Structures are given as structure tokens and as C-alpha cells.
Amino acid sequence: MKFTEFTLKPYLQEALQAIGFKEATPVQEKLIPLVLSGRDLVGESKTGSGKTHTFLLPIFEQLDPTIEAVQAVITAPSRELARQISEAALQLAQFSPQPLRIMTLVGGTDKQRQQAKIDQQQPHLVIGTPGRIYDMVASGHLAIHTAKTLVIDEADMTLDMGFLTTVDKIAARLGKDVQILVFSATIPQKLQPFLKKYLQSPVMEKIKNQTVISDTIDNWLISTKGQNKNQLILEMTKALQPYLAMIFVNTKERADDLHQFLLANGLKVAKLHGGISPRERKRIMGQIKKLDYPYIVATDLAARGIDIEGVSHVINDAIPQDLSFFVHRVGRTGRNGLSGTAITLYQPSDDSDIRELEKLGISFVPKQLKNGEFSDTYDRDRRENREKGYKKLDTEMIGLVKKKKKKIKPGYKKKIQWKVDEKRRKERRAENRARGRAERKAKRQSF
């Protein structure tokens, strides 16, 4: 379905054209009409499925620039995700014939300056982290009781990080007729009491994925049995020749250790985890976007909500403690139709977790790194363990192993760079058009 088939204001269609959005994703096609109808909604779909514009487009369709009041509130569990949503919102707002005020409220920013700005004029749309939004509400500066829409993005992550109580307080400040939209990769049982408390006969939509992992991703499994993991990852980086590789670890301590080891061995590598200060985190993200680092070591919570372009490889230092994070990690690569490679390191004690992932429809191709090259293999211990009750799965795995040896395709770095550059060119063109429009408008008003 094309975006032009939606009943959206002309300036929104112009904005979508400028940022290169033509075809709606399955999530957008199914949920945008439901959101426009005014129903409460719980939308469950994978990360990267287009959820952001699924709620932004209906919000902008209903925003009235002549009303001097808050009309919509969007909460996000991380500063990076809030900023990412704000950037998408600003891309849409710049084409509006009348100014739309969008305010981003996150921690680590000048609170007094934000308070003064709100006191001068209430924003139309508020996007931010739960703590800073509620701080502004509780202090009497931000008046959200006029909002007609509340969006809770990445609800499962909001719950995991302990922010749901604050979101509850925000929701309690809103009117009874507010439309509440909850978007999440998963809907944990602990989220149910909140949904029952605030949502009125919500539409529950679960968008099933045709494939759990994109078919553009090669999903490899490598045994670390008897090997030094740090040294193995170092050797892998030499063999992979990545455009940009994300290395996921389970703890901050492991991130520090691996980061230090790779630095000591001459790699340009960034580090992202919860222990990094907001200022340092912002600096690192700026350098990552400039492609100063070909490697990023990150924990799951630090990386979720961050949109990093051009990830060619994902390396799982270990299987995540929460198996739902596995798809989030692997889904960082293989986007926009480009090929990607995900590599998971495992040990014999991880076999039960691998079985659980395979039950979700995730297939692995066992590999080994020998003499600087990756080749197909099969771990005998895992095969013997599988023979007890997993005959069918073994047959599928053996079939996968017989695939032709994967070699790095020439020119793949250029293809990724072209995609990144193309996106940035579109953004620059949109900014230039908006700037020209604003200048022409200012000239007309001066006469």
C-alpha cells in the first residue's frame, strides 16, 4: 500500500515524499487507519517495523496549530529513542504551513531553560523520557491535561527499566477521553495491569513476522569451547572486514573488558553502556554517526532505541540473558534490503537457549574460524545431544550446513555507503526545501 492512499494532509504527503517514504510497512498499513479512528491500541511488532511513523502520522494529522495547548504526549524509555522520535517529528513538522511547536524533554538537558520556554508558550507535541516529562508536569510548568493522545513507545523496555510507575503518573494527569497508544516488541504479563487501568476496549494487534530474522541476514553460530573469547573476537574482526560491526555483550563489566582489549590491539572501537555519562554518550553517538568507529561494543539496554545506519555485522559475545533481545540484536543488520551477517558465540551450556531460539523459527548455520577464514562445521556434542527427541531439527540443521561456503561479496561496503549517503542526501534536500520555504514566507510577511 502506498502512503498516498492514506487520507493525510497535503503537507504530510509532501514530507513523506521528501524523506523517500513511498510504500507503507505492514504495521503502518494495518494500524494507521485504526489510530486515525480514535481507538485505544496495543500494537505488538518487531523493532524496525515502522512503528514511529505509525503513531506520528495520525498525531500530525490531528494537530491543530491554532490551539495554544499540548495536544499529544509521547514517552520513550531512553534519551536516544526520544531524540530519534523527535527528529522524525521535526521532518514532518517542517512542511506544515503553520508552525508546530515540538518539545523534546529528556534528562541531561537544561531544565530551567526548558521551564522558561514552556512558561512562554505550551508546546503542541511533547516527546521525552517519563522522568523529565513528569518533572515538568509536577512542577506546574507543563500542562498535559489538554492532550488528546498519549503514546507509550517501547513499553516492554519502559517496564524493564522501571519507568512504568512514572508513565502511570503521567497517564493519571490526562483526561478520560484521551486516546492511548501502546507500542512494544513484546507485551509482558507485568504490563497487563497498566493496560487494564487506562485503556478502554483497546484494539490488540499483533503483527506476525513472516520470518523472525530477515532473509538478507546470514545467521552463524560459533563454538567458543576451549578458546579465549577475546582473542577469537579479535581474529573475527580481521576476517570479517566490516563496514560497521556491533558487538553485543550482557554486562557493563564485560563491555569494559572487551572494549579495553580491542583498543589495546589497535582497533577503533566505541563503547555504549548504562554507566557512561549523558555528555560522553552524546559525544560517542556523534562520532559513530560520522563513521569514526568501525566497531561498537554495547549492552542491550544501551543500544535499544538507537538508530545506527550501515551496520554490516552483529557479533553476540554471548547469548542474551533475555532471549527476546536476540532478535533485536540481529535485526540491527540486513536492513533496507542489504545483506548482513550475525555471529553468535556459544558454549555447550547454552544448548537449551539455542533450542528455544530455534523453536521461534530462528535457524543457525554452524561455522568455525580457521586460518583467518570462516568455514562450515558441525559441533559433535550438540549433534549427540539433539538426537534425543530432536531428529527433525537435526535434519534441518544438517541441510543448512550443506550450503555453499559463504564468501564476502566484493563491493558490499560501497553498497552500504551508497545507502547511507542516499538517506543523508534526502534529509539535506528536505532541509533545504524547508529553509527556502521559510525564507519565502518571511519575505511575504515583510511586505
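In this predicted model, residues 24 or more positions apart account for 76% of the contacts with a separation of 6 or more in the chain. The chain contains 18 helices and 15 strands. Of its 447 residues, 50% count as buried. About 22100 Å² of the chain is exposed, and carbon and sulfur atoms supply 50% of that area.

A good place to begin a tour is an open sheet of eight strands, which has mixed pairing and the order S10-S11-S9-S12-S13-S8-S14-S15. Strand S10 (269-272) and strand S15 (373-376) stand at the edges; each has a single partner strand, so one side of each is left without a neighbour in the sheet. On average, neighbouring strands of this sheet are turned by 25° against each other, direction ignored. At the S15 edge, strand S14 (residues 365-370) pairs with S15 in the antiparallel sense over four bridges. Here Lys-367 has Asp-376 of S15 as its bridge partner.

Two helices that pack on the sheet come next. Helix H10 (residues 229-240) touches strand S8 (217-223), strand S9 (245-249), strand S11 (295-299), strand S12 (313-316), strand S13 (340-346), S14 and S15, and its direction makes about 165° with that of S13. Helix H11 (residues 252-264) also packs on the sheet, where it touches S9, S10 and S11; the direction of H11 makes about 170° with that of S10.

Strand S12 deserves a closer look. S9 and S12 run parallel and are joined by four bridges, with Val-314 of S12 as the bridge partner of Met-246. S12 and S13 likewise pair in the parallel sense over four bridges, and in S13 the bridge partner of Val-314 is Ala-342. In a regular strand the side chains alternate between the two faces of the sheet. In S12 both faces are covered, as His-313 and Ile-315 on one side and Val-314 and Asn-316 on the other are all buried.

Charged pairs add another layer to the picture. Side chains of opposite charge can pair when their charged atoms come close. A search of the whole structure finds 16 salt bridges. One of them links Lys-2 and Glu-23, whose closest N and O atoms are 2.9 Å apart. Lys-2 lies in the segment before helix H1 (10-18) and Glu-23 in the loop between H1 and helix H2 (26-36), so this pair ties together parts that are 21 residues apart in sequence. Lys-2 counts as partly exposed at 42% relative accessibility, and Glu-23 is partly exposed with a relative accessible area of 47%.

Another salt bridge joins Glu-44 to Lys-206, with the closest N and O atoms 4.0 Å apart. Because Glu-44 lies in strand S1 (residues 41-44) and Lys-206 in strand S7 (residues 203-206), the pair ties together parts that are 162 residues apart in sequence. Glu-44 counts as buried at 18% relative accessibility, whereas Lys-206 is exposed, with a relative accessible area of 54%.

The side chains of Glu-154 and Lys-51 also meet in a salt bridge (3.8 Å, N to O). Glu-154 lies in the loop between strand S5 (149-152) and helix H7 (155-160), and Lys-51 in helix H3 (residues 51-62), so parts that are 103 residues apart in sequence are tied together by the pair. Both Glu-154 and Lys-51 are buried. Finally, Lys-229, Arg-254, Asp-257 and Asp-317 are joined into one network by salt bridges that share partners.

How values were computed. Residues numbered from 1 in each chain as written. Predicted model: local features only at pLDDT ≥ 70, side-chain atom pairs only at ≥ 80, totals over all residues. Heavy atoms only, no water. Pairing = 2+ DSSP bridges. Axes fitted to C-alpha atoms, helices over the stretch in contact; angles between N-to-C directions. Contact = heavy atoms within 4.5 Å. Buried < 20%, exposed > 50% of the residue type's maximum accessible area, 1.4 Å probe, protein only. Areas by Shrake-Rupley, 256 points an atom, 1.4 Å probe, with all protein chains shown as cover.
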